[in-house]
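Hi everyone, thanks for making time for this one. Could you all bring the structure up on your screens, so we can walk through it together?

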Amino acid sequence: MKVLAVEDDIVSRAVLRRSLERLGHNVVEANDGEEAWKAWLVEKPRVVVSDWQMPLLDGLNLCRRFRSQQGMDYVYFILLTGRGDSGSNRRAAAEAGVDDFLTKP
């Protein structure tokens, strides 16, 4: 499956890419939300794994952009964050349309 990995930290993005590739996925990489959106328009992956905090367009707003598009195939959106697993963070992610929420070690 084609997966879009969105992470502004180059080391974290490499770890994410390798993990997804080991699971057998074809990985498309992006440095931030704006780059991710442009990559999605070309590549059309069905799954996005995105960091929450990034420059230009963060993970929540990227997810909101996906959810606001009418008539497109559903894109599964997994949010990664170092912000912690608090109720308010989970609520904010759910309200943005995130499918799953994972905290970084």
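Let's begin at E43, which is partly exposed, with a relative accessible area of 33%. This is a predicted model, by the way, so please hear every value in that light. What does E43 pair with? E43 makes a salt bridge with K2, and the closest N and O atoms are 3.1 Å apart. Since E43 sits in helix α2 and K2 in strand β1, the pair ties together parts that are 41 residues apart in sequence. K2 is partly exposed as well, with a relative accessible area of 26%.

As a reminder, side chains of opposite charge can pair when their charged atoms come close. How many salt bridges does the count come to? The count is eight, and I'd like to show you a couple more.

Next, please find K104, which forms a salt bridge with E7, with 2.9 Å between the closest N and O atoms. This pair links distant parts of the chain, 97 residues apart: K104 is in the segment after β5 (100-103), while E7 is in the loop between β1 and α1. Is E7 buried or exposed? E7 counts as buried, at 3% relative accessibility. Its partner K104 is partly exposed, with a relative accessible area of 30%.

Then there is R13, in a salt bridge with E29 whose closest N and O atoms are 3.1 Å apart. Here R13 belongs to helix α1 and E29 to strand β2, so the bridge ties together parts 16 residues apart in sequence. R13 counts as buried, at 12% relative accessibility, whereas E29, at 34%, counts as partly exposed. And there is a wider network: salt bridges link R13, R17, E21 and E29.

Staying with helix α1, which covers residues 10-22, look at V15 within it. V15 is partly exposed, with a relative accessible area of 43%. Together with I10 and V11, V15 makes a nonpolar surface patch of about 290 Å².

Now let's zoom out to the whole chain. The protein chain has four helices and five strands, and along the sequence they follow the pattern β-α-β-α-β-α-β-α-β. The radius of gyration is 13 Å, close to the 13 Å that the globule rule gives for 105 residues, so the chain is as compact as a globular protein of that length. If you like to picture a box, the C-alpha atoms fill one of roughly 35 × 35 × 25 Å along the principal axes. The accessible surface comes to about 5800 Å², and 49% of that belongs to carbon and sulfur atoms.

How much of the chain is buried? Buried residues make up 41% of the 105 residues. As for contacts between residues at least 6 apart in sequence, 58% of them join residues at least 24 apart.

That takes us inside. The largest nonpolar core has 23 residues, and the ones touching the most other members are L4, V6, L62, F66, F77 and L79. Which elements give two or more residues to this core? They are β1 (2-6), β2 (26-30), α2 (33-43), α3 (59-68), β4 (76-81) and α4 (87-96). Apart from that core lies another, of eight residues, among them V3, A5, L16 and L20.

L4 is a nice one to click on. Leaving aside neighbours within four places in sequence, L4 is in contact with a list of residues including V28, A36, W40 and V48.

Over to helix α4, where you'll find A94. At 53% relative accessibility, A94 counts as exposed. The C-alpha atoms of A94 and L60 are 9.4 Å apart, with these positions 34 residues apart along the chain.

Last stop, two backbone details. Most residues other than glycine have a negative phi. K44, though not a glycine, has a positive phi of about 55°. K44 is in the loop between α2 and β3 (47-51), and at 44% relative accessibility it counts as partly exposed. And what is phi near for L56? L56 has a positive phi near 70°, again in a residue other than glycine. L56 is placed in the loop between β3 and α3 and counts as exposed, at 71% relative accessibility.

That's my tour, thanks for listening!

Notes. Residues are numbered from 1 along each chain as its sequence is written. This is a predicted model: local features need pLDDT of at least 70, side-chain atom pairs count only at pLDDT 80 or more; totals for chains, interfaces and linings use all residues. Side-chain values use heavy atoms; hydrogens and water are left out. Patches are made of residues with over 30% relative accessible area and no salt bridge: like charges are joined within 9 Å, nonpolar side chains (Val, Leu, Ile, Met, Phe, Trp, Tyr) within 5 Å. Accessible areas come from the Shrake-Rupley method with a 1.4 Å probe; for residues, only the protein chains shown count as cover. A salt bridge is a side-chain nitrogen of Lys or Arg within 4 Å of a carboxyl oxygen of Asp or Glu. Buried means under 20% relative accessible area, exposed over 50%, partly exposed in between (1.4 Å probe, protein chains only). The radius of gyration is taken over C-alpha atoms; the globule rule is 2.2 Å times the number of residues to the power 0.38. Contact means heavy atoms within 4.5 Å. A nonpolar core is a set of buried Ala, Val, Leu, Ile, Met, Phe, Trp, Tyr and Cys residues joined through side-chain atoms within 4.5 Å.
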